[in-house]
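Reader: Got a minute to walk me through this one? I'd like to start with the charged pairs.

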Amino acid sequence: MKKSKLFAACAIASIAAGVSGASAQDSVFYSGEYACEGQIKFTDWQLTKLNDREYAAVVYQGTRGETQYMEYKLNGVEEGGNLRIFYNNRPFIIARMADADSEIFAQWVDSQGKPKNSCSDFKVLKVDAAKERWDRTLNILASESPTVEQASEVAELQRTLPPVQLLPELDQNAYDNRYNESYRSFWSSYLTNEWERLKTLPISTEDERKSLIAEMRVATGFNMSPRGSLANDDKARSEASNFLRLVADRLSATDTPVTAFSLDDANACQRLTLMRYPSTADMELLVGLPVDYWDRSFTESVLAKAKTCEGANGVVQEITSNYSEYERRRQALVWAQGEMERLKSVPKTLKAFRESNWLAVDLAAGERNGAGPNATKRFLGRVDHYRAEQVDLALKEIEDTFKSHDLKSLSFEKAKSFCGEQLGNRPRGDETLVKLFEGCDVATENYVKSQESSLLDAQIEAINNAPRTLAGLNSNNWFALNTDVAEGWYPSREAREDFSQRTGDALREAVKVAKAEIDTAFSEAVPGEDTEHKAMVMCESIAPSSGETVYELISACQNGHEALAKKAEELKCAQVIKDSDLDSSLLEASIEQSGLVDDTIGVKELICAAASRELKLTFPTSGSLFWKKQGIEIKTDTANTNAWRLSADLEKTDKAGVLKLTNVNRVGPDALPSEDKLLGCIAGKRGC
């Protein structure tokens, strides 16, 4: 801080002589303000008593917030309870010391010792030493979350903060730097925090509302500025106006609204003259109530009071010049209050909420009543709160609706279409309504999950209690999830996984037992007997549509069918061979056929193959004794359009037990294989 000093040589000399035996502990400090030639200035004193009558006085003078000030090192003499302080051996200040333990009343005097007409009498209050006041100020400024009480205290400390030169010389730069680094962030944090507090403090009870008003009054006091007064601080004054409007608007619809300061108390004129030419926002602070809440009668009362106050011409001019704007703002408020009542009267049901267009404000009506976007946001900001409440109530109603239903009255399909039918089109950019729509989706999902869980639990319980047998599988949907029990049920992947996990052991055990039942039935089955029918019936109930869970059973049935068919073929073959009535030598013989593994086909094999293909096979003989011939004839049914017949003689070859075809006579399609391959085709030993 730069400074301008004025010294008196004789004063310095006398102080130097007198102070030599005094210490800082012997000094007493005072601080105050005075008015000279229409200007408010500060003065800080350090009085050091040298003996019974003499004092050393260091007096600082200047304007708060400015970097230049006057520093006087003076001496003084106490006579008859008055301390006369001299400058250049001439009277300068007369101070009455009767109450010096707390305060001193003083006058500026001229060189003749007479009071200066241009300066008012003043008083200085006893205060702590400069360093203690600086320390306290810096400690509060270091607060990370300043409160209104701290801001009020630090504002007073800043207003009366002594010049840094009153600190020990080695501390001056460090203290000055700390101060400049911290006070701006302190006030910025305070203003932000206080806005949030005034916006969120509870107002449910009268005591809570009164407490809010009391805090707001402190926050909007003209002392709440680092510059000593709101009158000198446009930013702080603007924030104070916002605080006043915020609290007035919050409480306007309660039983404890904000009211104006009294116009009849002793401080009314002092308040109305705090600013020489107040704006409309300034007027609100001076009167303690936003002009939106001034009716004509109250405005006339303020105007009348201002006319009785000296120096309040600026108030009169502001009111008379801008009253039409006051009326417009008043009209906007009245409309907004009516609109708020209309919206608050909407029944708290989902149907009424939707029919009110989700508590939409009538912006066109607002414009007609002078309420632009800013006024609408300000006065109807609580609508967002009511809409949020309505959303919560609507969600509760939706949840209760779902709780009152089950799948008999509300199917899955109807549940999934519920939100669209009850809420309509989804909004964009409206977070409050997005919460409603998303909440309805969640309620639907919870209903579906709850009903799905019930269905799952019932089926899982039935499966886990069912016999682990083929019959148990058959009577319980093969232990598979049955989605046909409820219309429109499409189980989620999670539901299917849960079902599989909780029924997996029962299914595996049942399939194992059922497979064993099937295997046993087919192994004991005899073609043409009841045991065959029993085995076949066991498998008839297993349809491929039963799913992968019974694949093993289907495979077991297929294997059983194949084994049973083979067994039937074997029995049929044995019977045909028996019925052929051939001698054993012929039955054990084989017939040459080219292209086969051993170039022959057994007679028994041929007999069975022909019977399987429903061909007529005979082995006629002719002649007798040495001229007896063994023949073979094989033919299809003559009714067949592609009928064919082959007859031949069977002659022995040089291989034991092997016969060959001679004198072959073949009748039928040219596409028939040659006689040396035909029998192999019939036996299925080659592709033909």
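Author: Sure, we can go through salt bridges, a helix pair and a surface patch. Keep in mind that this is a predicted model.

Reader: OK, how many salt bridges does a search of the whole structure find?

Author: The search turns up 36.

Reader: Which side chain does K435 meet in a salt bridge?

Author: That would be D392, at 2.9 Å from N to O. K435 sits in helix α16 and D392 in helix α14, so the pair ties together parts that are 43 residues apart in sequence.

Reader: And is K435 buried or exposed?

Author: In between: K435 counts as partly exposed at 43% relative accessibility. D392 is also partly exposed, at 41%.

Reader: What about D519, where's its partner K515?

Author: Both lie in helix α18, 4 residues apart, which is about one turn of the helix. The closest N and O atoms of D519 and K515 are 3.2 Å apart.

Reader: Switching topic: how do α2 and α3 pack?

Author: Their axes are 10 Å apart, at an angle of about 145 degrees, and the crossing is left-handed.

Reader: Which residues meet there?

Author: From α2 you have R136, T137, I140 and L141, and they meet Q150, E153, V154, L157 and Q158 of α3.

Reader: Last one: which residues make the nonpolar surface patch of about 520 Å²?

Author: L625, F626 and W627 make that patch. L625 is in the loop between β12 and β13, and L625 counts as exposed because its relative accessibility is 72%, over the 50% cut-off.

How values were computed:
Residues numbered from 1 in each chain as written. Predicted model: local features only at pLDDT ≥ 70, side-chain atom pairs only at ≥ 80, totals over all residues. Heavy atoms only, no water. Patch = residues over 30% accessible without salt bridge, like charges linked within 9 Å, V, L, I, M, F, W, Y side chains within 5 Å. Areas by Shrake-Rupley, 256 points an atom, 1.4 Å probe, with all protein chains shown as cover. Salt bridge = Lys/Arg side-chain N within 4 Å of Asp/Glu carboxyl O. Helix = DSSP H or I, 4+ residues; strand = E, 2+ residues; numbered from the N terminus. Buried < 20%, exposed > 50% of the residue type's maximum accessible area, 1.4 Å probe, protein only. Axes fitted to C-alpha atoms, helices over the stretch in contact; angles between N-to-C directions. Left-handed = near helix turned anticlockwise from the far one by under 90°. Contact = heavy atoms within 4.5 Å.
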